Amino acid sequence: AILAQEERWMDVGRAKAAAAMRTIVGLREVAHLYRGFLFDSSCVGSHVPGGPCTAASLQCLRGLLGRDKLVALVHAGPTRAAPLAAAARRAGVPAGVPAWSSGEAFCRSLAPGPSDERGEAGSELLSALGGRRPVRVFELSALARPRRWAEAVSRGEAPLASLEREGAVRRVSDIEDADVCYWDVHDGDELGSWLEATLELCAEFRVPLVHGKRASKTAQMLAPSSLRGSAEAAAGSLQRLGGMALGISKLEGHLEGLGWTGELSPEDVLLVSQDLGDVAEAAGHGMDALLLLSSQVEGQLSAFQEAEAQEQAARRRQLSVNQRAAEDSPAMLQVATNPFFSVFQLPSLLAEATRKNAEHRARAAVAKAPPDAGEALGRVVARPAPAPAKEDVLELLQRWCKAQSVPLPSAALAPPLCWDGAAGDGPAPADDVGGRPQQAVPGGMQGRRSSPHPSGSAARGAAQLTGRRQDAPPTEGPGAGPAPESVGDILSQLSAAKK
């Protein structure tokens, strides 16, 4: 009985340790806890597939491969797995790191084969289509303007071209003839005014919109942070118009696609990402997540906080005066309804209410402050918003997970992604001739040394700051000019002239 009780205590301790989120300084701290690692493509380099990878992310990949870990890249976009892996090789990703994408999951869901090999999104899509073959697909990339035409040419053939050759898909040029409208627009491409017209036609002809940015449930969680013109925002607009939108996760069918089904279970895999939605999608697939607290996460949490404040303000407008008083200060309402204790508690509560009112008036005064001189003259003055503290970000993350019923990520890491918490990719400070390290200088000033005799632009800048002409003679020391006369000397000279 004692041993059984100890085992129960150990199980409770492990459950509490798994539920708690730990803050780490490098990926090395959690490398021994998992056998497989999935890296979002934006964590190892640029947001564009094939962009240059950072040295720290490559060190993480090599460190995991050196410990016989299974490593793969995942991407939320229309690019298929083979072109994505080839682009990763060109970017410097080591050999032996496969790739998976939501575009690959969508293409495999349309490919002919057993129904059990299709993912949840593929089965839902085919059930909505009624099993019609071949599937007629309208590609939104035909209306998009690429960010760079050279990049568009380097993408190769369309993702659905191979399926069209197999007879599983027929690509159409009109939405009214299509069964599915596929969002194969790459990041950075612009649809412009074509997007609104496309959504209206999809709602009119009952054509579902399919995108691979994130799952439909996750897109609803992050609706406040969806950018205008993005796939998530377009899906929400179509649903409000009465249409159907389906989102495919980049984790859909990744174990089968990567060949990890027989070797790993979802509990043995860690997803490394800097997207808040990946925390929810990893939990939906039974995986743990390591979240990079990047500016993207801060923006998503800030949008959630603002939406929460708006909902609270809208709910507060429907409350009565007594309900607002009970929400703001329950103790004040209790004292007002119980006069026996009011003599003892009312003074302190009034002082607290006075303090809160003063803080509210101070915030209102700051919000209504007059513009500075630059704004008064009509110039645009940039005021960057202060970055929230790390504690504030973690607190907002806990609130978001609690509001969305999503478990916390297993670990959090301050960007950039690194292996053992070392400094960035920049070189270490060089040593001087005397053996002392040189002081760090601002960017763009390397190689410049201060000189005791300023000349050129430095001398002109010093002359402008001091208000002295550059060719003015010195007033002290050798070679100095005549000293200026004082008022007393001038009066003495006038009195001597009169005499």
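This is a short walk through the pockets, cavities, ring pairs, cysteines and loops of the structure above.

Okay, ground rules. What we have is a predicted model, so local features need pLDDT of at least 70, side-chain atom pairs count only at pLDDT 80 or more, and totals for chains, interfaces and linings use all residues. Residues are numbered from 1 along each chain as its sequence is written, and side-chain values use heavy atoms, with hydrogens and water left out.

Let's start with the empty space. The search runs on a 1 Å grid over the protein atoms alone: a pocket is an open set of points with protein on both sides within 12 Å along at least five of seven lines, a cavity is a set where a 1.4 Å probe fits but cannot get out, and a lining residue has an atom within 4 Å of a point. Points are joined across faces, edges and corners, and the volume is the space filled by probe spheres set on them.

The largest pocket comes to about 1300 Å³. Which residues lie nearest its centre? Those are Asp187, Leu227, Ser230, Ala231 and Glu232, out of 45 lining residues. As for elements, α2 (41-44), α9 (194-205), α11 (231-240) and α14 (295-316) each give two or more residues to that lining. Helices here are DSSP runs of H or I with at least four residues, strands are runs of E with at least two, and both are numbered from the N terminus. The largest share is from α11, with five residues.

On chemistry, the lining of the largest pocket splits into 14 nonpolar, 17 polar and 14 charged residues. For the classes, Ala, Val, Leu, Ile, Met, Phe, Trp, Tyr, Cys and Pro are nonpolar, Asp, Glu, Lys and Arg are charged, and the others, Gly among them, are polar. And the pocket draws on two domains: at least three lining residues come from each of domain 1 (1-105 + 252-302 + 405-413) and domain 2 (126-249). Those bounds come from an automatic or database domain assignment.

Now the cavities. There are two of 30 Å³ or more. The second largest holds about 50 Å³, and its lining is Gly77, Pro78, Tyr182, Trp183, Val185, His211, Gly212 and Lys213. By class, that makes four nonpolar, three polar and one charged.

Keep Tyr182 in mind, and on to the rings. How many aromatic pairs does a search of the whole structure find? Two. Rings of Phe, Tyr and Trp (its six-membered ring) pair if their centres lie within 6.5 Å, with planes under 30 degrees apart called stacked, over 60 edge-to-face, and the rest tilted.

One pair is tyrosine 34 with phenylalanine 37: their ring centres are 6.2 Å apart and the planes sit at 80°, so this is edge-to-face. Both residues are buried. Buried means under 20% relative accessible area, exposed means over 50%, and partly exposed is in between, using a 1.4 Å probe and protein chains only.

The other pair is phenylalanine 106 and tyrosine 182, which are stacked, 4.2 Å centre to centre with 15° between the planes. This one ties together distant parts of the chain, 76 residues apart: phenylalanine 106 is in helix α5 (residues 102-110) and tyrosine 182 in strand β7 (residues 180-182). Phenylalanine 106 counts as buried because its relative accessibility is 1%, and tyrosine 182, at 3%, is buried too.

Cysteines next. The structure has zero disulfides, where a disulfide needs two cysteine sulfur atoms within 2.5 Å. For cysteine 60, the nearest cysteine sulfur is that of cysteine 418, 6.4 Å away. Is cysteine 60 buried or exposed? Buried, because its relative accessibility is 0%. Cysteine 401 is buried as well, at 3%.

Last, some backbone details in the loops. Proline 415 and proline 416 are joined by a cis peptide bond, with omega about 0°; proline 416 is in the loop between β12 (411-413) and α20 (457-466).

Then there are positive phi values outside glycine. Aspartate 68 has phi near 60°, in the loop between α3 (55-66) and β3 (70-75), and with 72% relative accessible area it is exposed. Serine 405 has phi near 55°, is found in the loop between α19 (390-403) and β12, and is exposed at 67%.
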